[in-house]
Amino acid sequence: NHLEIEAESAAYIVCSRLGIKPNSEAYLSEYLSGPQSDHSPDPHVVCRAAGHVESILGIAPKMYFGES
């Protein structure tokens, strides 16, 4: 399901930015290299979802780059 892949991709971005090593890599790699990968995740949708999750969590992008 492409929605699941986009959601997992967004979770991967959020976790990675927080320094958390998610298990998403193997899952996404397996899905995207398999025969079921008829739909690639939309990067705009994935980044927008990640940004929304970060907003809900109160995580500002400036936190990643050491800005105050």
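# Briefing on a predicted three-helix model

E54 is buried, with a relative accessible area of 3%. This residue also takes part in a salt bridge with R17, in which the closest N and O atoms are 2.9 Å apart. The pair connects distant parts of the chain, since E54 belongs to helix α3 (residues 43-57) and R17 to helix α1, 37 residues apart. The model is predicted, and the points below are grouped by topic.

**Overall architecture**

- The secondary structure of the protein consists of three helices and zero strands.
- Read from the N terminus, the order of elements is α-α-α.
- The protein has 68 residues, and 21% of these count as buried.
- Among contacts between residues at least 6 apart in sequence, 57% join residues at least 24 apart.
- The exposed surface of the protein is about 4900 Å², of which carbon and sulfur atoms supply 58%.

**Salt bridges**

- In the whole structure, a search finds two salt bridges.
- One of them is the E54 and R17 pair, where E54 is buried at 3% relative accessible area and R17 is partly exposed at 42% relative accessibility.
- Because the cut-off for burial is under 20% relative accessible area, the value of 3% places E54 in the buried class.
- A salt bridge also joins E25 and K21, with the closest N and O atoms 2.7 Å apart.
- In that pair, E25 is partly exposed, with a relative accessible area of 39%, whereas K21 counts as exposed at 63% relative accessibility.

**Helix α2 and its two sides**

- Helix α2 spans residues 24-33, and its buried residues are S24, L28 and Y31.
- Viewed down the axis of α2, these buried residues fall within an arc of 65°, so they line one face of the helix.
- An α-helix has 3.6 residues a turn, so residues three or four places apart point the same way.
- The other side of α2 carries the exposed residues A26, E30 and S33.
- The buried residues of α2 pack against α1 (2-17).

**Residues of helix α1**

- S9 is found in helix α1 and is buried, with a relative accessible area of 13%.
- Because burial requires under 20% relative accessible area, the 13% of S9 qualifies this residue as buried.
- Leaving aside neighbours within four places in sequence, S9 is in contact with L28, P41 and V46; L28 is also one of the buried residues of α2.
- E6 lies in helix α1 and is buried, yet has no salt bridge.
- For E6, the nearest side chain of opposite charge is that of R48, 10 Å away.
- A salt bridge requires a side-chain nitrogen of Lys or Arg within 4 Å of a carboxyl oxygen of Asp or Glu, so R48, at 10 Å, does not provide one for E6.
- Not counting residues up to four places away in sequence, E6 touches H39, P41, D42, V45 and V46.
- E4 is found in helix α1 and counts as partly exposed, at 43% relative accessibility.
- Between E4 and P41 the C-alpha to C-alpha distance is 9.4 Å, although the two residues are 37 apart in sequence.

**Recurring partners**

- P41 appears among the contacts of E6 and among those of S9.
- V46 likewise is listed as a contact of E6 and as a contact of S9.

Definitions and conventions: Residues numbered from 1 in each chain as written. Predicted model: local features only at pLDDT ≥ 70, side-chain atom pairs only at ≥ 80, totals over all residues. Heavy atoms only, no water. Buried < 20%, exposed > 50% of the residue type's maximum accessible area, 1.4 Å probe, protein only. Helix = DSSP H or I, 4+ residues; strand = E, 2+ residues; numbered from the N terminus. Arc of directions from axis to C-beta. Contact = heavy atoms within 4.5 Å. Areas by Shrake-Rupley, 256 points an atom, 1.4 Å probe, with all protein chains shown as cover. Lys, Arg positive; Asp, Glu negative; His and termini not counted.
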